[in-house]
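Please open the structure in your viewer and keep the sequence panel visible beside it. The tour below moves from one selection to the next and says what can be found at each stop.

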Amino acid sequence: MTTATATTRTPVRPAARRPALDWRLRFGALSLIWGFSFLLIKVGTQGYAPFHVTLGRLVFGTAVLAGAMAVKRERLPRGPRTWAHLTVAAFLLNALPFSLFAYSELTIPSTLAGICNATSPLWGMALSLVALSEDRPTRVRVAGLGIGFLGVLTVLGAWQGFHGLDATGTAMALTASLSYPVGWIYVRRTLAGSSHSNLSLTGAQLLLATLQLAFVTPLFTSLPTRFPAVPLLAIAALGALGTGLAVLVQYGLVAEVGPTTAQMVTYFIPVIATVAGVAVLGESLTWSTPVGAVIVLAGAALTQVRRRA
């Protein structure tokens, strides 16, 4: 997301009743929402500074989760230790990657940003080799790691010496993708088994990320002097749909079909981001981009293969 705005931290509570909308439709809707997020970021940065885009995204996303918590009568978590861990998680999973993606799309196409986002499972696999001893790699998963990064080199046109590529923007997008698994590992080590619900934890996390950006933004960016409507609507949609509603839909999918199936949405995001960038924004597309993206997704899929008991 923008994979993902938040991850499942604790076992999700069983659904009290079967949702009226089939999970396949919700899966498709989630894929579209997160796939179009990169287009919305690009449109938002055409009228506002990257930090404004990120802050607005977090404000609208937090508002949606606050409404959901009010409806379900959920309370914010308690305890200074929990809030301290959530502060770190908010930075790694929201404030940092959201800001990096916004800045990266000043100089790179939204299609490339979406494909860079798909490298998160590859970074996660690489980090798990040293950070999570219980998540031991297999030959298949290591092979997937190698194939995935070969796909990254294909997307970036390594054989051409990365000609025409903005190195800074691409590095920012890849760093944002790396930030997600770093945050997931941190959360897994510090908040797994928490007695608080996922909704409560993520609501607090987004609130903290909003406060972080509210503090940082005035230090680096002046207040906007004009408020163009289309970029503002893009930011509102990015926050309310791509950050707030998407998290709620994701929780429902995890509860109904399990995290493995729900996580497969990751593989549709770069496809939708590419189609949206080319069709709506008119971004150029060379053969290496879709071919490399397919290789990246194949490698990412292999890194998720687990050894059968």
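Begin in the interior of this predicted model by selecting Leu 30, Phe 101 and Leu 253, which are the residues with the most contacts inside the largest nonpolar core, a set of 70 residues. Then select helix H1, residues 23-45, which gives this core its largest share, namely 10 residues.

Stay with Leu 30 and show what surrounds it: leaving aside residues up to four places away in sequence, Leu 30 touches Ala 246, Val 249, Gln 250, Leu 253 and Val 265. Leu 253 therefore appears twice on this tour, as one of the residues with the most contacts inside the core and as a residue touched by Leu 30, given that contact means heavy atoms within 4.5 Å.

Next, zoom out and colour the whole chain by secondary structure, which comes to 12 helices and zero strands. Of the 309 residues in the chain, 51% are buried, and among the contacts between residues at least 6 apart in sequence, 92% join residues at least 24 apart.

Now switch to a surface view, where the accessible surface of the chain comes to about 14500 Å², with 67% of it belonging to carbon and sulfur atoms. Select Leu 32, Phe 36 and Val 280 on this surface, and you will have a nonpolar patch whose accessible area together is about 270 Å².

For the last stop, keep Val 280 selected and look at the loop between helix H11 (269-279) and helix H12 (288-303), where this residue has its place. Is Val 280 buried or exposed? Val 280 counts as exposed because its relative accessible area is 55%, and the cut-off for exposed is over 50%.

Terms used. Residues numbered from 1 in each chain as written. Predicted model: local features only at pLDDT ≥ 70, side-chain atom pairs only at ≥ 80, totals over all residues. Heavy atoms only, no water. Patch = residues over 30% accessible without salt bridge, like charges linked within 9 Å, V, L, I, M, F, W, Y side chains within 5 Å. Areas by Shrake-Rupley, 256 points an atom, 1.4 Å probe, with all protein chains shown as cover. Salt bridge = Lys/Arg side-chain N within 4 Å of Asp/Glu carboxyl O. Helix = DSSP H or I, 4+ residues; strand = E, 2+ residues; numbered from the N terminus. Buried < 20%, exposed > 50% of the residue type's maximum accessible area, 1.4 Å probe, protein only. Core = buried A, V, L, I, M, F, W, Y, C linked by side-chain atoms within 4.5 Å.
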